[in-house]
Amino acid sequence: MKKENRKTYFTPQLAIGKGVRDISFYETAFEAIELRRFSNDDGSIHVSELAINGAIFYLHEVTVDTYIFSPDKHKGTTTIIGIFVPDVDNVMSKAIKAGAIEISSTKDYEYGYRQGEIKDPFGHYWLIQTKI
């Protein structure tokens with residue numbers, strides 16, 4: 001039997017609260033494309049599969065599992081999502097206009113990266129970056 005040549009890649013699942021219907025922030029800020037959605041009976045999102053320039057991630061409704069929670073539950077997060085983009089300033093600007101809160105402004109660092117950090121409307125932190 002011949003094995004398929006498959007690439008390994010990372011697909012984070014970001015927890016969102018119950019009743020979320022509008023995830024347009026990701027489309028506006030990051031030009032994400034929703035690939036598919038599983039909705040609850042009331043039309044709210046259970047799972048949404050999105051891609052940013054081919055990089056897939058999920059928004060997943062908080063369930064009864066006690067180990068999965070949205071950042072707002074504990075007013076913090078255990079993860080920062082890093083994303084490399086060609087134009088950090090442009091993405092930061094679009095994200096802020098779409099509703100993100102700027103955590104750290106864009107600047108060049110001595111280790112060779114240009115970075116800025118935002119918090120999205122669901123409480124997830126994003127490190128927007130490029131190598132310089």
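Q: Is Arg37 buried, partly exposed or exposed?
A: In this predicted model, Arg37 has a relative accessibility of 34%. Buried means under 20% and exposed over 50%. Because 34% falls in between, Arg37 counts as partly exposed.

Q: Which residue forms a salt bridge with Arg37?
A: The closest N and O atoms of the pair are 2.8 Å apart, and a salt bridge needs them within 4 Å. The partner is partly exposed, with a relative accessible area of 27%. That partner is Glu34.

Q: Which strands does the salt bridge between Glu49 and Arg36 tie together?
A: The closest N and O atoms of Glu49 and Arg36 are 3.4 Å apart. The two residues are 13 apart in sequence, so the pair ties together separate parts. Glu49 and Arg36 lie, respectively, in strand S3 (residues 45-52) and strand S2 (residues 33-39).

Q: Which residue of the Glu49 and Arg36 pair is buried?
A: Arg36 has a relative accessible area of 45%, which makes Arg36 partly exposed. The cut-off for buried is under 20%. At 10%, the buried residue is Glu49.

Q: How far apart in the chain are Asp89 and Arg114?
A: Their side chains meet in a salt bridge, 2.9 Å from N to O. Asp89 is in helix H3 and Arg114 in strand S7 (residues 113-119), so the pair links distant parts of the chain. The separation is 25 residues.

Q: Which residues are joined with Arg114 into one network of salt bridges?
A: The structure holds six salt bridges. Some of them share partners, and Arg114 belongs to a network joined in this way. The other members are Asp89 and Asp108.

Q: Which element gives the most to the lining of the largest pocket?
A: The largest pocket holds about 520 Å³ of space. Of its 22 lining residues, the closest to its centre are Ile52, Ala55, Ile83, Phe84 and Val85. Helix H1 (24-30), strand S4 (55-61), strand S5 (80-84) and helix H3 (88-97) each give two or more residues to the lining. With four residues, the element that gives the most is S5.

Q: How many charged residues are in the lining of the second largest pocket?
A: This pocket has a volume of about 370 Å³. Of the 17 residues that line the second largest pocket, the closest to its centre are Gln13, Leu14, Ala15, Thr78 and Thr79. By class, nine lining residues are nonpolar and eight are polar. The number of charged residues is zero, that is, no charged residues.

How values were computed:
Residues are numbered from 1 along each chain as its sequence is written. This is a predicted model: local features need pLDDT of at least 70, side-chain atom pairs count only at pLDDT 80 or more; totals for chains, interfaces and linings use all residues. Side-chain values use heavy atoms; hydrogens and water are left out. On a 1 Å grid over the protein atoms alone, a cavity is a set of points where a 1.4 Å probe fits but cannot get out, and a pocket is an open set with protein on both sides within 12 Å along at least five of seven lines; lining residues have an atom within 4 Å of a point. Grid points are joined across faces, edges and corners, and a volume is the space filled by probe spheres set on the points. Ala, Val, Leu, Ile, Met, Phe, Trp, Tyr, Cys and Pro count as nonpolar, Asp, Glu, Lys and Arg as charged, and the others, Gly among them, as polar. Buried means under 20% relative accessible area, exposed over 50%, partly exposed in between (1.4 Å probe, protein chains only).
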